[in-house]
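Please walk me through this protein model, starting from one of its helices and ending with the chain as a whole.

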Amino acid sequence: VMTYPYSVTLYGMRDQLVEVLLDMHGDGKTSYPIEHVGKVAGMLKTVVFSAIQDTVVAAAKAMEWLRAAAKVVAEGNLPVKWVSPVGMIVVQNYWKTTSKVISVSTGGMRYRPRVSFQQEGEVKVSKQAAGVAPNFVHSCDASHLMYTVLSCCEKGVTDFHMIHDSYGTHARNAATLATTLREQFIHIYGAGDVLANFHEQLKSQVVGLPDLAESIPPPPVPDTFDLSLVLDSKYFFA
C-alpha cells in the first residue's frame, strides 16, 4: 500500500506480496501448498490495488493526473520542471538509454558486461510519467521538513532525528515538534492549490507550443476539507 504513491506497478505489487506470503508460509500461517503462492499473490494484487483506489480516491486521482500531465510534456521531448513549496527548482529529466557490450580482462579472465548509456536529447516518456508522482511528493515532503525544522528552531528546538518523512526529537520537545509539524502542513497546503500551481508551471514550459499546452489536462478540483482540523488530529503522518 505504501508503495502505491511511488508508482508501483501491478507486477511490482505481486512481487511484494509473494515475499510476504512466503514469509507467512514459513511461519506456518498459510494452509495452501507453497507452489500456489504465485497464484495467490496474483489474485491479491488486483484486490489490493482496487482497494487502494476505492479508499484514497483523491490521492489516486492526483497521481493519475500528475502522470498524464507529465506524459504530455514528455511527448514534446521536454523535461518536467517545477518549483517546490520551499522555492527549490526541480528538474526531472529521464533520458532514453542505449547499451553495448564491452570486453574487460582481469585476473586472466575475460568478461563481456552490458553497459547502459543515456541518450541525452531524447526524453523517455514512460519513465517521465512513472517518476513524476513520487518525485513531486518527495519535493513537497522535503519542503514540509525544512519549514518544520526552521519553525522549531525559532521555538528553541534544535535537536532532530529525521528519516525522509519520519520526524523525531527529544521526548521533552516532542509536543512542540508535533504541533509545528501540523502548523507547517497547513502553511504549505493552505497557501494555495499545489496541483494547480504545478499545472501552471507546466503550461509555462510549453508556452511556445500551443497544441502541447492545450493537451495538458486540468488538475483535479480540490476538496473542501478544512485544513485547520489537522491541528486537532491525534494521529498525523506527513
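In helix α5 of this predicted model, the buried residues are L177, T180, L181, R182, Q184, F185 and I188. Buried here means that under 20% of the relative accessible area is left. An α-helix has 3.6 residues a turn, so residues three or four places apart point the same way. The buried set can be read with that in mind: L177, T180 and L181 are among its members, as are Q184 and I188.

What lies over these side chains? The cover of the buried residues of α5 includes helix α4, residues 125-154, and strand β8, residues 166-168.

The length of α5 can be checked as well. The helix runs over residues 174-189, which is 16 residues, and at 1.5 Å a residue it should span 22 Å; the C-alpha atoms at its ends are 23 Å apart, so the two values agree.

Turning to the whole protein chain, there are seven helices and eight strands. The chain is more spread out than a compact globule, because its radius of gyration is 22 Å, well over the 18 Å that the globule rule gives for 238 residues. Along the principal axes, the C-alpha trace spans about 65 × 60 × 45 Å.

Of the 238 residues, 30% count as buried. Among contacts between residues at least 6 apart in sequence, 64% join residues at least 24 apart.

The accessible surface of the protein chain comes to about 14600 Å², and carbon and sulfur atoms account for 58% of that area. As for charge, the chain has 20 positive and 22 negative charges, and their mean positions lie 10 Å apart.

Definitions and conventions:
Residues are numbered from 1 along each chain as its sequence is written. This is a predicted model: local features need pLDDT of at least 70, side-chain atom pairs count only at pLDDT 80 or more; totals for chains, interfaces and linings use all residues. Side-chain values use heavy atoms; hydrogens and water are left out. Helices (H or I, at least four residues) and strands (E, at least two) are DSSP runs, numbered from the N terminus. The radius of gyration is taken over C-alpha atoms; the globule rule is 2.2 Å times the number of residues to the power 0.38. Buried means under 20% relative accessible area, exposed over 50%, partly exposed in between (1.4 Å probe, protein chains only). Contact means heavy atoms within 4.5 Å. Accessible areas come from the Shrake-Rupley method with a 1.4 Å probe; for residues, only the protein chains shown count as cover. Lys and Arg count as positive and Asp and Glu as negative; His and the chain ends are not counted. The place of a charge is taken as NZ of Lys, CZ of Arg, CG of Asp or CD of Glu. The expected span of a helix is 1.5 Å times one less than its number of residues.
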